[in-house]
Amino acid sequence: MLERIAKSIFSIQPPAVFGLLLLTQMMFVASTFNTWLPVSCFYALAVLWVLARARSETLSADAIQPRHAIPRVGVWLLLFLIVVAIIAATIMWRLSETVRETTNFLFAGSDSLAHVAFFLALAVWAARPRRGHVSMLPLGMIVMLLCTVAGGVSSSLAGQTTVGLAACVGFTIGSQLIATIRQRREGGRRNARDDDASGVTWMGPLFATLTLSMIMMITTAVANVTDRVLPGIQSDLQRQLQVSIDAVTDNNYVGGMRYVSGSRLGSIRDHLIENPEEIALRVYADKAPGYLRGTVFDLYNTRRWYGAGDLANDQNDRSGLIRDYSLEPAGLAQTTLSANFGRKLKRFPLAGGDSGANVSKPGVAIQTLEIHNEPIKGLTVFLPMSTRWIEASSEELLVSRNGIVRSGVDVSRPYVAGVAERLPIETMDAGRREIFLDVPKQIAPMLENVTRSICDQQATARVKAESISRYFQDGFEYGLNRTRSPGGVDPLEHFLNTRHIAHCEYFASATVLMLRTVGVPTRYITGYVVDEVNDEDNRLWYARNRDAHAWVEAFDDASGQWFAVESTPGRRYQTLVWDDASAAASGDGSSSNLENEDRTSYFSEAVGWLFSIRTTDSLLSIFRLAQLPLFCVLAFLLWTKYLKPGASHVDLIDQQSLKRLGRVDRRLRKWSLVRRSDETLYQFAQRVADKAENVAHAASPDQRRAMRSAARWYREYADARYQGELPPVLP
Amino acid sequence: MRHLVVTIGKVLLSPLRLLLSIRRSMTASSVTLLLIGIISLNIVWGYPWMGLFAASLTMLVAGWVISRVMRPNLALDFSLPNSVPVDQPLPVTIHLRNRSRLPAMDLMVAVINDKAGRRARPSQAIRSVDGRQSVSLIRPDGRRDVVVSLIGSRRGIHDLPAISVESMFPFHLFRSTRRLRAVTQIAITPRLMTGDDDPLAKALLDTLGGWSYRLLAGDALDYTGSREYQVGMPVRRWDFASWARLGRPIVREFQSPSIQSVSIIVDTGGLENDADALERLLSLAATAVNDLSRKQVRAALYVASEPVASYAPSRHPQSTTETEPMLIQLAAAKVVDRDTADKRIREVLDHVGQSPALLLSTRAALDSDQPIGANVTMIRIDAAQPKRVPATRGRKPAHA
């Protein structure tokens, strides 16, 4: 039975297997880049070509094949030209399409290269349908890499695990098939006598399947471990290499392809300049979303901003205050998205900048923002300052003490921010206050002098912030000029001394440090200003690269709340506008009407569930479910092969006899009587009997009796085995 | 102390050895996985390649570990003839027995041929003429036979070349190779000389043919008696007188006692610097052995590199058709110094007595002054370069 199944599975023709693997790739590429029609047409052409070729080979099987008239060099030249033509044509086609839609070169590059790799694999298959070529393996993996990076797969654990498992299956099947065929063709002629013992044809496929199953299980485990460990590694690595990365991306167009971070003074300017029109965020909201925070920095030192957590590489006292914390979902999302994006999101309550222990929660009205990231630009999550909760495709979030979602959100799906009008009230402990008041010693005196002249006699944080903001707004000029400070002089010091034209980073950084000199805790924020509405859909808002911005958040001790400070000339802080209607309508963000409407119809709920099933989910379920039967089969076969007496090739009587012999051997081993391999049973029996006599003085009568009876038993055993009978059991 | 140093050295070098071993065992698939794994390490910068990273890492690591675990543990046996002439294909059946409790899968079996040109070493005596062969599976304690074709390029008693068995399991991700040493030897016997080789060879063969003709034709046949003809009996001469007298066909039977045993003595003395002449000499000897065998003459062979004790015509009761032991003797022939050769040949000639003997040598005569007997025919092979000898002067025998 097993043999028949194995034969039927493994007798599938190689061209069909290659075709199936390429079909999977085709679906992956087409769904990722939305090129179903052209890609499937090319695939269909390749299939037709392969079928036609197979038919012509069958018809002309008896005819003498004409030798190729083209010399070998000519064949190579022709192949080279075909490859170049495929690459050139595909790149031209894809670039002409993608450049119209996006100016992100990384995305355009992924798109073009993925198509090139797929078409090359298709061409290889068309050229060698029966045996394939080893180049199909790297081409297939490149397709998967590029489709994944372009957002074809969710970056969630489930999505990634599915891609990994699919890669395992496809790669191992392809590798086995290509290499086996290649070996048999190139000298490795199949041994004629190999088929003689075809009674074990099931064993090879069985071991291969079990190995694949094992690899898949380990892959799942590795993906899980990576998912847990990766955020920490990413954080550590970014902390360690931040300086060098920024040095690399300095004056480099790569900066514009990713989301703005802004740790170095000037990096946001570069971001603004490179691809200014490229869309960074799409937000669905009833009103202009305004400033969305992406990164928060705490400490400044020599033209560079750092997160306090990034510098906490030792176990100092502050590590507990600045360490990120993880969040579990509080339940399913309750907001209806602008379109169906598959799986349901989950809601995570953000506690307003702390774990929630020292935060009071006023009853609040909520407005929602549905934010769509560009996955290719990075994993940064952008939220308004007073976000109370986030609904995202995630199982667990890692959130910083400054209210920034560091990781865990699947940015290939939209996420929803529930925004309150005000931040919750919180108390700031001494440790955090110390961080938010940190000023570099080198420039502290100069900053104090300037600030004192501005904020003289002013009491509250808000007024001080207002004064400093006005100081910059009135007396400075905004521009994207690059100004270099003299050697050894901090750029901020140079900026304040010379009042040169500067951009938002200088104004925000100077404001942060100046407020700190007068005792106002502050932090430096980078993100995007989302205020461009779509011409046709007034709920759709855009942020482009040119909308990257840096601003300040200051803590008001009087109210116990953070507030935004905008000191860049010509700018005014914007956030969601609140009126009575919006507050009344939204409640806690749960669109109860829609919810009730949905619940009235089981049919619509079922349809929704069906639509929410994603390919990766179902694939993952299949992989998970398939592993159990596989292991059952393994256990069954191992049992029948090695353990079950009747099914093995050893006779039952032989097996029983050997067991009995082993039992007696073990018993005699206690008296240092070990049967040697060159000793017959009769010789050993004699030795045992001799020992029983010789140790008469040292052994008890019972022991001697046992030895004698064992010696007798060995002789009986030998006699019985000689006659093919089952020997008696030693009493 | 030395043991400690060696152990420390091994431990220190173990990472390097491991790396080299991994490098040797990598295939196109594993190289692909390695490259994809390296690219997918960009997950640390936020690229969503966690699944592909996990897949490539697992396939690499688990594939390598499984490949090591499933490394074939095979015992090797051969079925092959005792001897084979130089440059003649030799079919060898390799019996592979799996000694492991796990099946050996996706195997490639090949005879290891030395790579030529790496260093100045003598060419491999026995080489494989065909490529690798695939064996899909050998079950635990199971056995498979693989037939390979070998060819011996140098005369001598040689070990069979080692066999390499590669397992490509799992999925051809890695190859784990076992080199199995063959402890079997085979005699590569001298090539039989043919007249097509060169003019000198033709001349030598003519000489040899003349000797054997004279040997058989020149000796009188002794009449041993007459007997009644039976169907199938070989008839040399009818006894017509008796037939007429008795009315039944009667045949006369003869026997040639002098040619019951012929000794062939090969003088390998003084050929240290002339391997070609030695090979030519042995080729001629092999041809003589074959020729006598074909003519139903029983022969005993002595090669001067053997101790004299090994020559005992009485201890050679083999039938005339059994040429193989003599050919193996020729395969094992070595060069000895002239004096030893002279001494041994003299002793053997004493043993030979008056029975006919053929002495093959590169010398015109033995160094010692004592003449050889009239029953001994000596054929001399010129040690000089054979191609210089004009075809018309091909005959160079020296009859004693």
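# Exercises on a predicted two-chain model

In this predicted model, A:Val399 in β11(A) is the bridge partner of A:Tyr325.

**Exercise 1.** Place this residue pair in its sheet: which strands form the sheet, and which of them stand at the edges?

*Solution.* Start with the pair of strands. β6(A) and strand β11 (residues 397-399) of chain A are joined by three bridges and pair in the antiparallel sense. Next, extend to the sheet: three strands of chain A form an open sheet with antiparallel pairing, in the order β6-β11-β12. The edge strands are β6 (325-327) and β12 (405-407) of chain A, each of which pairs on one side only. From one strand to the next, the twist averages 45°.

**Exercise 2.** Write down the strand order of the eight-stranded open sheet of chain A, and find the strands that lack a neighbour on one side.

*Solution.* The order in chain A is β7-β8-β10-β13-β9-β2-β16-β15, and the pairing is antiparallel. Now look at the ends of that order. β7 (331-332) and β15 (532-533) of chain A each have a single partner strand, so one side of each has no neighbour in the sheet. For a pairing inside the sheet, take strand β2 (residues 279-284) and strand β16 (residues 540-544) of chain A: they run antiparallel and are joined by five bridges. Within this pairing, A:Tyr542 in β16(A) is the residue opposite A:Arg282.

**Exercise 3.** Describe how α5(A) and α6(A) pack: what are the angle and the axis distance, and which residues make the contact?

*Solution.* Two quantities describe a pair of packed helices: the angle between the axes and the distance between them. For helix α5 (residues 105-127) of chain A and α6(A), the angle is about 155° and the axes are 9 Å apart. Angles over 145 degrees count as roughly antiparallel, and α5(A) and α6(A) are therefore roughly antiparallel to each other. The crossing of α5(A) past α6(A) is left-handed. Residues making the contact include A:Leu113, A:Phe118 and A:Trp125 of α5(A), and A:Met136, A:Ile142 and A:Leu146 of α6(A). By class, the contact residues of this helix pair are 15 nonpolar, two polar and no charged.

**Exercise 4.** How many residues does each chain bring to the contact between chains A and B, and which element of chain A gives the most?

*Solution.* Chain A brings 52 residues and chain B brings 43 residues. On the side of chain A, at least two residues come from each of α6 (136-149), α7 (157-185), β1 (189-190) and α8 (203-249). α8(A) gives the most, with 17 residues. The residues on this side of chain A divide into 27 nonpolar, 19 polar and six charged.

Conventions. Residues are numbered from 1 along each chain as its sequence is written. Chains are lettered from A and ligands numbered from 1 in the order in which they are written. This is a predicted model: local features need pLDDT of at least 70, side-chain atom pairs count only at pLDDT 80 or more; totals for chains, interfaces and linings use all residues. Two residues are in contact if their C-beta atoms, placed from the backbone, lie within 7 Å. Helices (H or I, at least four residues) and strands (E, at least two) are DSSP runs, numbered from the N terminus. Ala, Val, Leu, Ile, Met, Phe, Trp, Tyr, Cys and Pro count as nonpolar, Asp, Glu, Lys and Arg as charged, and the others, Gly among them, as polar. Two strands pair if DSSP finds at least two bridges between them. Axes are lines fitted to C-alpha atoms, for helices over the stretch in contact, and angles run from 0 to 180 degrees between N-to-C directions. Angles under 35 degrees count as roughly parallel, over 145 as roughly antiparallel, 65 to 115 as roughly perpendicular and the rest as oblique. A crossing is left-handed if the near helix is turned anticlockwise from the far one by less than a right angle, and right-handed if clockwise.
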